[in-house]
Amino acid sequence: MSIEWAVQVQGLHKRFGDKHAVAGVDLAVPAGTFYGLLGPNGAGKSTTLSMITGLLRPDAGSVMVSGMDVWADPVAVKASIGVVPETLLLFERLSGRELLDYVGRLRRLDRGTVTERREQLLDVLGLTDEADKLVADFSQGMRKKISLAASLLHAPRVLFLDEPFESVDPISVRHIRTVLDTLVDGGATIVFSSHVMATVQSLCDHVTILDHGAVVASGTMATVCGDGSLEDAFARAVGAENLDAASLSWLAGQHPVAPPPPPPSPPLPPSDSQAVGESDVDG
Amino acid sequence: MSTVELTRLVMGLKLRLLTSGPSLQAALRVLGYAAALLAGVGGAAAVVLRADRANASDELMFWLAILSIGWLVTPLLMGGGETTLTVDRFSLFPITVRQLNVAMVGASTIGAPVIGTAIVLAAIASRGTGVVSAAILALCALVSLTTVVVGSRLGIALMSAGLRGRKARDGAALIVAVIAMLAGLAFQLGFFIVEWLTPSRLETGRSILRWLPVGWTPEAAGRASDGQVVSAVLFLGAGVVWLGLVFELWRRATAQLFTGAATAAAVVIERRSRIEGVIAAIAPPAVEASWMRSLRQIRRDPRELAQLAGFMPLVVIMALPSADLIREGDPRIVLASSMLGLIVAFTSMNMFGMDGPSFAVDALASADLTPVVLGKALARATIGIVPVVLGAIGLAAYTGGWSFVVPSILIAVSALLAALAVSVYVTVRYPFVVPEKTMSIGMQGNQGCLPGLMSLIGLLVALVISAPGVAATTAASIFVSALLGVVVGVVSVAYTLWIFVYVVRTSGRWASLHVPEMVEALSFRS
């Protein structure tokens, strides 16, 4: 049985001056999966995602999303994807509701559908009470959630999320995971980058680790992790297994803390046993 | 940490902020500071050279008061190092509010504007007629300098976080922007203003300013230079009280910011706009979305309002020649109302500029950017056409020239379509980002001076495209009949509508295929 690919990236390159931010990345994301993109800061994750989603033109390489070439047919590709970029650039002077209305109508959804989906998403993401505030007055977590809602309105076939759980409270994380699971169950594909290893390990079927703009490990979760945790596999892949803490020795022993005194014994009610004890001590 | 150590540290930080940064920004700053120094030296020379004039004390008082007012506003306009050194950046360090106040005043003395001001004030101090008056003048200079330094810090405190409510901050930003625009206009008309300031007008200005707090110390200086020692001391005392008040306001603002007591008030949007239903009925969904969003942006963003407000004086100046016709009640004056739409042409050459990097929302949500571009242009047209219609009806009611109402609206629509066609082209091909949080000239986009140049060329092209239709409609209305004006106007609108539709289609397609280039152009220079 042939695999249907949601995203296929071949030989992707991007330079910023002397820095080779993405140096020949190849990716193949199977449709209907939860795909994690990992890497240390500056590894090229966001640059790669920007190029896959058509916001940044690559110097070389090809990107296919749902079988369509992003750079040959960007209009068709954009209709089928949703994106939550790392830097949340939203229209600050719209309220949360107005922003979702705007995005929904821009995607040519009818007003009734937009209203219905908008209210459901606001409810699930816990934003209903704040939705009439200007986006400019939103906290970072709320901005992340409203951005996610905007990317979900049209039920995309492929959803790209750059650090979706950053600054989001644990309850909302649980709700977002439920929403994302529902989307994947419906046949959609989710590609997301994150630094939270536990979340990636629990959510993703496949994972790719980038370092210095190149793929250093890729495959199913079981292949990449082996017997250990994803965190160990990640550290191994980027060559950061052991931290030399010797140079930070000045941090150790600066504030010696005396051992806490033993807790005072609670006063015991007069009883036969107490009487016996006191008698023992005295003796 | 001692107060002296902290002051030294903050002064060093200010110096570093002024001398570091991208080369273009640093170069602009050097130019600004050189200009401030030159202005200081020039001001000092003027004070000394004009000392023998009969109304010299009026001049001295008047310009000293202007200097004080300018100082209160300048930090808000200039941004840069001053606005970076905000109180909340120090709130996590183990220092007291008093220490911070001293350090901040110390930091305020770093920079050419203060040195320039000090030079002017030293020149003023030299204007004493005797030892006592010279001493009072020196005190006036000291009080003036301290007031402007503390006043500027108060302005920065209010702007950085004191005005945490968005409406208040946006309102303040609008006021500052309009002052900046008017100041720019006044600067360009400086020669006429100096000519206009006759001795009697200077005297009148002084008589008003002396009753305002900012005029008290300057008035003391004016009187001391005339040898009126007693009244000079009284005004100087009042000036010191004003300085104390400014200092106390600043101290309280600093304490509030330092302790995090200043609170933010969120703006809540509850009502749905009435015009939304109308637009929804006539426009396809994507166009409606962009149209409504752009209208909201124009209404809520002080930068948009400042642009519109800033060009109002220009429109008024252009309309001034028509004043005689209005006075005479000539019905042809109704046609002049079409000029009110011009303001849109001035402010439409960079329609994505206020969105800046948020343009990515459009780029990600809309597969085809044509409706986004069209919606933006229609929002501008809405803003432009409303004052034209109101103006035409108002003038027609005043002069009885009802037959000219339709021709004037047709002239405006024709000119607007031509201007917006050019605007759409320039907006898509040469967008540049407009900073959100500061009016500083140092923060710019990625395309250098090219977008500004293209905007200017765009205005000229719009003028050339619209001129035949506007001229023909106006001539037909005035010299033949209003009915012929309507016929010619319809043809003129059809001609510019064709251009508008063509440009919107081609530009929308171009934008859809060049998203990365537009995202790059609308990002801040790194």
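How much area is buried between chain A and chain B? The area is about 3500 Å², and carbon and sulfur atoms give 59% of it. Buried area is the accessible area (1.4 Å probe) that two parts lose on being put together, summed over both.

This is a predicted model: local features need pLDDT of at least 70, side-chain atom pairs count only at pLDDT 80 or more, and totals for chains, interfaces and linings use all residues. Residues are numbered from 1 along each chain as its sequence is written, chains are lettered from A in the order in which they are written, and side-chain values use heavy atoms, with hydrogens and water left out.

Here is the interface in counts.

| Item, chain A and chain B | Value |
|---|---|
| Residues of chain A in contact (heavy atoms within 4.5 Å) with chain B | 32 residues |
| Residues of chain B in contact with chain A | 42 residues |
| Salt bridges (side-chain nitrogen of Lys or Arg within 4 Å of a carboxyl oxygen of Asp or Glu) | six salt bridges |

Glu98(A) forms a salt bridge with Arg300(B). Their closest N and O atoms are 2.6 Å apart.

Which elements give two or more residues to the side of chain A that touches chain B? They are helix H2 (74-80) and helix H3 (96-106) of chain A. Helices (H or I, at least four residues) and strands (E, at least two) are DSSP runs, numbered from the N terminus. H3(A) gives the largest share, five residues.

Asp73(A) sits in the loop between strand E5 (68-69) and H2 of chain A. Asp73(A) is partly exposed (between 20% and 50% relative accessible area, 1.4 Å probe, protein chains only), at 34%.
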